[in-house]
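This report goes through one protein chain, from its overall build to a few single residues. Please look at the sequence and the model before reading on.

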Amino acid sequence: MSHGKQFTLFTHGNGPNGWKVAFVLAELGLEYESVYLDFGKGEHKGPEYTKYNPNGRIPALIDHKNNDFVVWCSGAIIVYLVEKYDLEHKVSAATPEDKILQLQWLFFQASGQGCVCRARLGNLPYYGQAVWFRVYHPEPVPTAVERYQKEAMRVLGVLEGVLAKQEWLVGGKFTVADVSFVSWNNFAFSNFLGDYPAFNLEKDFPAVAAWHKKMTSREAVASVLAIKASL
């Protein structure tokens, strides 16, 4: 690839998981080129992409300064980036115990919020299921939509219980554990929870609301969100 930047990020304009990685790259000041795959044309399932990610989903990252090392799955990419390029722990945990807690929250985010939000791409965690039944399922299933809206509310409740007692998830500072939630939070707040009668972010989840606002106000995160908005 001839763009001259250190990383190539295969992603999607709307898919939340690619933006999780972009936030971390931006926070670490690492240069990258985004390649936005067209799901409608099946580019994520084509050989030009599956040679990098045999799972045929986004994101995938190539590190051109590390012998074109390829890693896919957003959580794995985030761990790779901080282990290799955040040696001063600017946005990552420092102690062995905090590193485990950081992994704990990264796993919780991936399993509780979502992996993909496109039809025919496999099993989806709670937030992804809500989107599937609301947007892509061929027939309306209101009970399924409500089920996964309630599960999304439960996930927010878990976060609220922790963030009501502490400012950040791990180590008393902003880390990748926190920022991994931003893109799916935004997706939920503006999509399948936005018109859910039982949902009031500021009233019912004030600590989550304040935490999310602090993250989206960070210069690096805001710059990536501006890129997304421009697409």
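Among the contacts in the chain with a separation of 6 or more, what share comes from residues 24 or more positions apart? The share is 64%. The model behind this value, and behind the others below, is predicted.

**The chain as a whole**

The secondary structure consists of 11 helices and 4 strands. Along the principal axes, the C-alpha atoms take up a box of roughly 50 × 45 × 30 Å. A compact globule with 231 residues would have a radius of gyration near 17 Å, and the chain agrees with this because its own value is 17 Å.

Burial and surface can be read next. Of the 231 residues, 48% count as buried. The chain exposes about 11,100 Å², and 53% of this area is supplied by carbon and sulfur atoms. The chain has 23 positive and 23 negative charges, and the mean positions of these two sets lie 3 Å apart.

**A buried glutamate**

Glu27 belongs to helix α1, which covers residues 16-27. Is Glu27 buried or exposed? Its relative accessibility is 17%, and buried means under 20%, so Glu27 counts as buried. Which residues does Glu27 touch, leaving aside its neighbours within four places in sequence? The contacts are Val91, Phe174, Arg218, Ala220 and Val221.

**Backbone angles in the loops**

Most residues other than glycine have a negative phi, and most peptide bonds are trans. Against that background, three places in the chain can be listed.

| Place | Backbone feature | Angle |
|---|---|---|
| Ile58 to Pro59 | cis peptide bond | omega near 5° |
| Asp68 | positive phi | phi near 55° |
| Cys73 | positive phi | phi near 85° |

Where do these residues sit? Pro59 is in the loop between α2 (47-50) and β3 (60-63). Asp68 lies in the loop between β3 and β4 (69-72). Cys73 is placed in the loop between β4 and α3 (74-85).

The accessibility of two of them can be added. Asp68 has a relative accessible area of 43%, so it is partly exposed. Cys73 also has a relative accessible area of 43% and is therefore partly exposed. Glu27, by comparison, counts as buried at 17%.

Notes:
Residues are numbered from 1 along each chain as its sequence is written. This is a predicted model: local features need pLDDT of at least 70, side-chain atom pairs count only at pLDDT 80 or more; totals for chains, interfaces and linings use all residues. Side-chain values use heavy atoms; hydrogens and water are left out. Helices (H or I, at least four residues) and strands (E, at least two) are DSSP runs, numbered from the N terminus. The radius of gyration is taken over C-alpha atoms; the globule rule is 2.2 Å times the number of residues to the power 0.38. Buried means under 20% relative accessible area, exposed over 50%, partly exposed in between (1.4 Å probe, protein chains only). Contact means heavy atoms within 4.5 Å. Accessible areas come from the Shrake-Rupley method with a 1.4 Å probe; for residues, only the protein chains shown count as cover. Lys and Arg count as positive and Asp and Glu as negative; His and the chain ends are not counted. The place of a charge is taken as NZ of Lys, CZ of Arg, CG of Asp or CD of Glu.
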